[in-house]
Amino acid sequence: MRNDAIIFDVDGTLWNACLASASGWNYGLKKIGIKRVVTFHDLESVAGNPYKKCIEIILPGLQETHPNLFEVLDACENEAIKINGGIFYDGVIEGIKNLAKSYKVFIVSNCARWYLDLFLDFSGLRPFVAGFDCNGMSGLPKNEMLAKMEKNFYLKNPVYVGDTASDEEAVRLAGMDFIYVSYGFGKPKGNPRTCDSFGSLVDYFMKKNG
């Protein structure tokens with residue numbers, strides 16, 4: 001059965017903003033007197049998790065000793081992303097514009113609401129996206145966001161495109177098709193359909209539509 005909608009993850013699938021995010025986190029840590037340096041590799045390793053979970057993994061125990069840690073890092077990362085944005089993977093912007101001619105395109109991510117808004121602003125893709133949700137908007141885990149998207153937009157056979165095992169698991173729980181992009185941050189646990197570039201992903205869907 002042909003997919004009637006494509007739902008995209010953001011980080012590791014459409015762009016990589018870890019350099020800007022690390023810069024924001026490090027500025028925030030310095031502001032509150034924490035002598036710790038966060039690298040973009042640290043952030044890539046937790047990509048796909050909700051924001052607070054990322055902080056818990058990379059900076060365990062510091063929320064208890066610094067109650068304002070989340071708010072400071074969130075604000076400083078926001079400013080860094082506003083200035084620098086992220087690096088779009090090759091073919092993403094034009095590819096989504098082309099896919100939107102034949103498919104309904106959606107975004108579901110575990111990111112903050114401001115982060116998703118900045119992604120849409122930097123990319124210029126807002127007019128091409130039929131709907132979006134993120135953990136910062138709904139507070140839901142990804143599998144529930146996907147199920148809600150499917151129900152609210154009356155989707156018959158959506159497919160989710162992501163780059164981590166947590167994406168794969170969320171899609172399994174939601175009962176959807178999954179396509180893994182190997183250029184992202186993670187590895188799947190199973191053996192899903194795989195695309196090695198965004199261009200090959202677009203080609204796959206355009207051929208399928210044809």
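Visitor: Which residues is Tyr115 in contact with, leaving aside its neighbours within four places in sequence?
Guide: This is a predicted model. Contact here means heavy atoms within 4.5 Å. By that rule Tyr115 touches residues well before it in numbering, namely Val10, Asp11, Trp15, Ala17, Ser21, Glu77 and Ile81.

Visitor: Which residues have the most contacts inside the largest nonpolar core?
Guide: A nonpolar core takes in buried residues, joined through side-chain atoms within 4.5 Å. The largest such core has 57 residues. Tyr115 is one of those with the most contacts inside it, and the others are Phe8, Trp25, Phe119, Phe198 and Phe205.

Visitor: How many residues are in the other core that lies apart from it?
Guide: Ala5, Val108, Met149 and Ala174 are among the members of this other core. Its count of residues is 14.

Visitor: Which residues make the nonpolar surface patch of about 300 Å²?
Guide: Patch residues need over 30% relative accessible area. Phe40, placed in helix 2 (residues 40–46), has 31% and is partly exposed. The patch is made by Phe40 together with Leu19 and Ile87.

Visitor: How many salt bridges are there?
Guide: Side chains of opposite charge can pair when their charged atoms come close. The cut-off here is a side-chain nitrogen of Lys or Arg within 4 Å of a carboxyl oxygen of Asp or Glu. By this rule the count is nine.

Visitor: Which residue meets Asp42 in a salt bridge?
Guide: Asp42 is partly exposed, at 22% relative accessible area. Its partner is partly exposed too, at 33%. The N to O distance is 3.9 Å, and the partner is Arg36.

Visitor: What separates Lys97 and Glu94 along helix 6?
Guide: These two form a salt bridge, with the closest N and O atoms 3.7 Å apart. Lys97 is partly exposed at 25%, and Glu94 is partly exposed at 49%. Because they are three residues apart in helix 6 (residues 92–99), the separation is about one helical turn.

Visitor: Is Asp121 buried or exposed?
Guide: Asp121 forms a salt bridge with Arg126, the closest N and O atoms being 3.1 Å apart. Arg126 is partly exposed, at 33%. Exposed means over 50%. Asp121 has a relative accessible area of 52%, so it counts as exposed.

Visitor: Which residues do salt bridges that share partners join into one network?
Guide: The pair Arg126 and Asp121 does not stand alone. Shared partners link this pair to others. The network joins Arg113, Asp117, Asp121 and Arg126.

Note on methods
Residues numbered from 1 in each chain as written. Predicted model: local features only at pLDDT ≥ 70, side-chain atom pairs only at ≥ 80, totals over all residues. Heavy atoms only, no water. Patch = residues over 30% accessible without salt bridge, like charges linked within 9 Å, V, L, I, M, F, W, Y side chains within 5 Å. Areas by Shrake-Rupley, 256 points an atom, 1.4 Å probe, with all protein chains shown as cover. Helix = DSSP H or I, 4+ residues; strand = E, 2+ residues; numbered from the N terminus. Buried < 20%, exposed > 50% of the residue type's maximum accessible area, 1.4 Å probe, protein only.
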